[in-house]
Amino acid sequence: MIYYLPNIVSDDAGFGELATLSARALAEESPHLEVNLSRLTVFEANMAAPLGVVLNKLTDALKVVTIVDVPQPMEAILRRNGLLAAFGYPPATTKSPTALPYQRFKLQDSSLFAQYLQDHLPGKGIPTMSSGLGKLFQQSLFEVFENAIFHSNSPLGVFVCGQFFPLKQRVDITIADAGITIPRKVNETFAWDLNASDALAWALKEGSTTKREGKPGGVGLKLLRDFIALNQGRLQIASGGAYWEFNAGTEIIHPLSCPFPGTVVNLEINTADNKSYRLANEVSPENVF
Amino acid sequence: MSEPVIIRVFDVVGTPLCVSSADGQLVYDKLAPLLREGRKVAISFAQVETLISAFLNTAIGQIYGELSEDRVRELLSVRDMLPEDVALLKRVIDNAKRYFANQTASDQAWKEEVDHDEE
């Protein structure tokens, strides 16, 4: 089977296109999948993470996946961020100053994610950890990564990729898993039969959690949303059949054109943000309980 | 009045990054037995650089499933925390109190509301 990948950007259409690739290739009897990139004129490099989920799901289903006809400058971008090297291309000899490389983590590898951030975040437009923005950004990434580790049960692990866009003064980091999906987890946990969008909307309410056994949760995504609102960034989640986006204070949620085989969270930070994130000492440690 | 037992999070977790539920459970496993015995405990966050809510939910939040708010307030304290981390902990604690007070009822109410909207 030959699949011509269309342009992919970080939006609902982009996630839907990747999900369509997955669904069509899985439905084909042929064990060979040739992903032809000759029609690409745009591929936002952070979308290598969800593409990695899709392609690794296919190889896990014993499909032989090859990526062919990669046009320039796409090839340079995708070689330097490591995606093509994961599918048989020779690794790039130089590193991109703007890429946070494509990397796959096993669920047991959470400490390696910290190392990844330490190695690759500096120089991508984010102030250091000593600044309020830098600290909140790293906290947010750890919240998303831990959510994937704890909830996804993703047998293929977690896929991460990011890209700094200096001219737009934005950095996108995308964390994707090939796991159970949020809508399915919500419905299975509570024996509900909500449609995907309603189930995702429930999960995004503050205090909602599918954790059982007496462990509270459901604060992380709300914190993330608050941070993104202040930063004037963008937060996107595609999970199973649902897509949610929070951008410029506006929230949208609707079905994806094709269900994504996992969960993707894209965090886009406005690096031009220079407001102070140091919180006033509003809460005394004596009053916290 | 007896001195509290001090649990140093950095020592328990072994890194300045408190970013996983699994590490939070390590802290909880030290904390919970002491509180069950009625011992006073102070949790020190000295040398901790990054905290996330998932860690705090597990390390501290789940204690509200075992002990009353009054009892927790009487026995537990925190120290050596940055102001923004105290604010994060407060949010986690408030959420945990709500969770143990009425989570099941709240989930069911939401489900019924969605079902009603779709009829």
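## A glutamine in a loop of chain A

A:Gln232 sits in the loop that joins α8 (220–231) to β7 (234–247) of chain A. The model is a predicted one. Although A:Gln232 is not a glycine, its phi is positive, at about 60°. Its relative accessible area is 54%, so A:Gln232 is exposed, the cut-off for that class being over 50%.

## Other backbone features

Most residues other than glycine have a negative phi, and most peptide bonds are trans. Chain B also contains a residue with a positive phi: B:Asp80, at about 60° and not a glycine. B:Asp80 is placed in the loop between β5 (76–79) and α5 (83–118) of chain B. With a relative accessible area of 47%, B:Asp80 is partly exposed.

A cis peptide bond runs from A:Gln72 to A:Pro73, with omega near 5°. The proline of this bond, A:Pro73, belongs to the loop between β3 (64–68) and α3 of chain A.

## Overall form of chain A

Chain A contains eight helices and eight strands. Its C-alpha trace spans about 65 × 45 × 35 Å along the principal axes. A compact globule of 289 residues would have a radius of gyration near 19 Å, and the 19 Å of chain A agrees with this. Of the 289 residues in chain A, 57% are buried.

Among contacts in chain A with a separation of 6 or more, 67% are between residues 24 or more positions apart. The accessible surface of the chain is about 11900 Å², and carbon and sulfur atoms hold 52% of that area. Chain A carries 24 positive and 28 negative charges, and the mean positions of the two sets lie 4 Å apart.

## Overall form of chain B

Chain B has five helices and five strands. Along the sequence these elements follow the pattern β-α-β-α-β-β-α-α-β-α. Buried residues account for 48% of the 119 residues of chain B.

In chain B, 82% of the contacts with a separation of 6 or more join residues 24 or more positions apart. The chain exposes about 5500 Å², with 49% of this supplied by carbon and sulfur atoms.

## The loop between α3 and β4 of chain A

A:Leu84 lies in the loop that connects α3 (74–80) with β4 (99–105) of chain A. Its relative accessible area is 0%, so A:Leu84 is buried; the class takes in values under 20%. Beyond neighbours within four places in sequence, A:Leu84 makes contact with A:Ile67, A:Val70, A:Glu75, A:Leu78, A:Arg79 and A:Tyr89. From A:Leu84 to A:Val65 the C-alpha distance is 12 Å, with the two positions 19 residues apart in sequence terms.

A:Ala85 is also placed in the loop between α3 and β4. A:Ala85 is partly exposed, at 34% relative accessibility, whereas A:Leu84 is buried at 0%. The C-alpha atoms of A:Ala85 and A:Ile67 are 10 Å apart, and the two residues are separated by 18 residues along the chain.

## Aromatic pairs

Over all chains, the structure holds 13 aromatic pairs. One of them is formed by A:Phe190 and A:Trp192, whose ring centres are 4.6 Å apart and whose planes meet at 25°, so this pair is stacked. Both residues are on the buried side of the cut-off: A:Phe190 has 16% relative accessibility, and A:Trp192 has a relative accessible area of 9%.

A:Phe190 also pairs with A:Trp202; the ring centres lie 5.0 Å apart and the planes stand at 70°, so the arrangement is edge-to-face. This pair links distant parts of the chain, with A:Phe190 in helix α6 (residues 182–190) and A:Trp202 in helix α7 (residues 196–203), 12 residues apart. A:Trp202 is buried as well, with a relative accessible area of 0%.

Elsewhere in chain A, one aromatic cluster is formed by A:Phe105, A:Phe113, A:Tyr116, A:Phe142 and A:Phe145.

Methods
Residues numbered from 1 in each chain as written. Chains lettered and ligands numbered in written order. Predicted model: local features only at pLDDT ≥ 70, side-chain atom pairs only at ≥ 80, totals over all residues. Heavy atoms only, no water. Helix = DSSP H or I, 4+ residues; strand = E, 2+ residues; numbered from the N terminus. Rg over C-alpha atoms; globule rule 2.2 N^0.38 Å. Buried < 20%, exposed > 50% of the residue type's maximum accessible area, 1.4 Å probe, protein only. Contact = heavy atoms within 4.5 Å. Areas by Shrake-Rupley, 256 points an atom, 1.4 Å probe, with all protein chains shown as cover. Lys, Arg positive; Asp, Glu negative; His and termini not counted. Charge placed at Lys NZ, Arg CZ, Asp CG, Glu CD. Phe/Tyr/Trp six-rings, centres within 6.5 Å; stacked < 30°, edge-to-face > 60°.
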